[in-house]
Structures are given as C-alpha cells and as structure tokens.
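Student: Could you take me closely through one part of this model, the sheet and the helices packed around it? I would like to see how the pieces fit together.

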Amino acid sequence: TKMLYNDRIVERESLINIEDRGYQFGDGIYEVIGVYDGEPLMLDEHMERLERSAREVRLNLPSAISDLKNKLVDLVAANGLGEGIIYMQVSRGAAPRWHEFPNHDVSPVTVAYTRAEERMTDVENEGAFAILAEDIRWLRCDIKTLNLLPNVLAKQMAVENNAIEAILHRNGTVTEASASNVFIVKGGQLYTHPSNNFILNGITRKKVFQLCDALNLKINEVTYSTDELLDADEVFITATKLDVVPILKIDDHVIGLGKPGKITRRILQEFRSLYL
Ligand code: PDD
C-alpha cells in the first residue's frame with residue numbers, strides 16, 4: 001500500500017528517523033479519520049482539530065490544511081480503500097535530541113497511511129462492557145497529541161477484563177474513556193462532560209450533538225459523578241469507527257436493563273443513516 005510522507009504519496013516503507021521527536025518525545029499531533037465506502041467522514045472537522053492541536057503545541061503545520069486534505073483524499077484513492085481509517089500524524093521533526101524545540105530549519109514530519117477495517121456492527125448492535133479507571137493524564141487532554149501512554153495502560157486494563165473501554169474519572173468525576181467520549185442517558189436526557197481541557201472534543205461526539213438536535217433530544221454538557229454513571233438508564237461511548245457503542249455493564253454494575261437502550265439505539269440508527 002501507499003503512504004503519505006510529507007508532500008508525496010510513496011510506497012509504504014519505514015522512513016522513521018531515530019531522532020524524530022514524535023518517536024522520542026511523543027512531540028507531535030495526530031488524527032484518526034473514519035472512511036466509509038471510500039469517503040472520509042467529517043474530514044473538515046478532523047482537519048480543523050488538527051490545526052487547533054498544532055496551534056496549542058506551537059507546531060507549524062508544513063502545508064496548508066486544504067493541501068493536506070487533498071493529499072488524504074488522494075491517498076484513500078491510491079489505496080482503493082473502502083472501509084477503514086486514515087491515520088495521520090505530524091511530529092515536530094527530526095533533530096539532535098534536546099528537549100527544547102529544534103532550530104527553525106527543522107521541518108515537521110507528516111505521515112499518513114490507511115488501514116482497512118470493517119465496521120464494528122456487532123458491538124454496536126449488541127453492546128459491550130467497560131471498566132472504571134482513574135484518569136491519570138495531564139491537564140491538556142483537549143490536544144490530540146502522540147503522548148498516549150496513560151490511555152494505552154487504561155485500555156490494556158480494559159481488554160484484560162474483557163471490556164471494550166476504560167471509562168476514566170478524576171476524583172469521582174467522569175471525564176471520557178481511554179479512546180472515546182462517554183454519554184449517559186437519565187430520565188430521557190443526555191449528559192456528557194463539557195468540552196474543556198479534561199477531554200478530547202471528539203468529532204463523533206460533535207456529530208451526536210447534531211443528531212440529537214435533529215431528534216429533539218436534550219444534551220446537558222455538564223460533569224457527572226461515577227455514581228451517576230452507574231445509576232444511568234443508558235451509557236454509550238463514541239469514537240471514530242467505533243461510532244456509537246452501548247455500554248451494558250461497568251465493572252460489576254449492570255447499566256439499566258443490561259441491554260442497548262432505546263435512546264442509544266435511536267442515535268446509532270441516525271448515525272448509520274449518514275453513510276448507508
Ligand atoms: N481516539 N477521547 C479520546 C481520548 C480519544 O483518543 C478519542 C479518539 C476520542 C473520540 O474522538 P473522535 O470521535 O474524534 O474519534 C475521545 C482515536 C480514534 C484513536 O486514538 O485511535
């Protein structure tokens with residue numbers, strides 16, 4: 001398959017410099033974009049978020065966002081990708097290893113590749129389990145940086161407990177999950193953590209807001225506790241490619257009736273109608 005390397009689409013191969021700052025410091029940013037029937041979903045929103053992440057970590061994107069966007073569309077076509085994802089990252093570049101930013105003549109390194117991946121229709125239909133874990137991340141979770149070790153450790157703990165996700169909390173306040181956003185339903189309304197520095201403002205999350213608007217479902221962007229989470233009528237998570245996954249059990253607590261809830265199913269149905 002092909003990959004994007006800076007401004008060129010080339011055969012996929014390892015071009016990583018051992019002094020790339022993404023590799024050594026996690027000094028870079030990334031996006032994962034869902035591809036459905038050959039179409040990247042919400043590409044503009046992903047590119048806007050990339051631009052924002054770049055600004056927040058003071059990284060100068062090497063090319064205009066419109067160019068990057070066109071390159072990603074070309075890459076999907078070059079690989080003949082139907083269902084899957086685009087992974088792209090921009091690191092601050094390769095330079096002798098010092099913590100501070102390298103000299104101005106060091107350019108950021110952009111790479112992107114695609115991966116074929118089926119839709120997760122089964123978990124979406126049937127639901128999955130989650131665990132609770134402490135959110136030990138830094139205070140700028142709104143930036144999509146390459147530093148994912150706390151997320152990796154939390155996800156691994158989930159998988160070792162037959163769960164799809166680790167739902168994270170800070171001192172009993174639910175933030176998000178290791179690689180997805182969390183919504184709860186109580187009394188016919190939705191609740192999700194506000195988009196501030198404690199969570200990543202998910203593109204799928206944003207889409208759920210739009211869908212709920214159209215469905216006349218109220219979403220309260222407020223914090224809620226782990227007790228409120230466990231006591232919810234419905235819980236679901238959202239992320240690129242995972243889309244909307246009902247959570248039936250968290251640790252040993254069954255959520256609601258222990259099956260995908262009515263409102264969750266309604267949102268999932270709307271979400272699917274976007275690309276079916
Ligand atoms: N993760 N929160 C975190 C911490 C995430 O890593 C992600 C996505 C989300 C959901 O964002 P979106 O709806 O834009 O995908 C929320 C991607 C998929 C990943 O790291 O693989």
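Tutor: Happy to; here is a walk through the sheet, followed by the helices beside it. A word on the source: this is a predicted model, in which local features need pLDDT of at least 70 and side-chain atom pairs count only at pLDDT 80 or more, while totals for chains, interfaces and linings use all residues. Residues are numbered from 1 along each chain as its sequence is written.

Let us start with the sheet. Six strands make up an open sheet, ordered β2-β1-β6-β5-β3-β4, with antiparallel pairing. Its edge strands are β2 (8-11) and β4 (39-40), each of which pairs on one side only. Helices (H or I, at least four residues) and strands (E, at least two) are DSSP runs, numbered from the N terminus, and two strands pair if DSSP finds at least two bridges between them. As background, strands of a sheet pair through backbone hydrogen bonds, either parallel or antiparallel.

Now look at strand β5 (residues 84-91). On one side, strand β3 (residues 28-36) is joined to β5 by eight antiparallel bridges, with G34 opposite I85. Strand β6 (residues 109-116) also pairs with β5 in the antiparallel sense, over eight bridges, and here I86 faces T114. Seven of the eight residues of β5 are buried, so the strand is largely enclosed by the rest of the structure. A residue counts as buried if 20 or more other C-beta atoms, placed from the backbone, lie within 10 Å of its own, as exposed if 12 or fewer do, and as partly exposed in between.

Towards the β2 edge, strand β1 (residues 2-5) and β2 run antiparallel and share four bridges; L4 stands opposite I9 there.

Next come the helices. α2 lies across β3, β4 and β5, at about 175 degrees to β3. The axes of helix α2 (residues 43-56) and helix α3 (residues 65-78) come within 11 Å and cross at roughly 130 degrees. Axes are lines fitted to C-alpha atoms, for helices over the stretch in contact, and angles run from 0 to 180 degrees between N-to-C directions. The two helices, α2 and α3, are therefore oblique to each other; angles under 35 degrees count as roughly parallel, over 145 as roughly antiparallel, 65 to 115 as roughly perpendicular and the rest as oblique. In their contact, L43, M47 and E51 of α2 meet I65, L68, K69 and L72 of α3, where contact means C-beta atoms, placed from the backbone, within 7 Å.

Conventions:
Contact = placed C-beta atoms within 7 Å.
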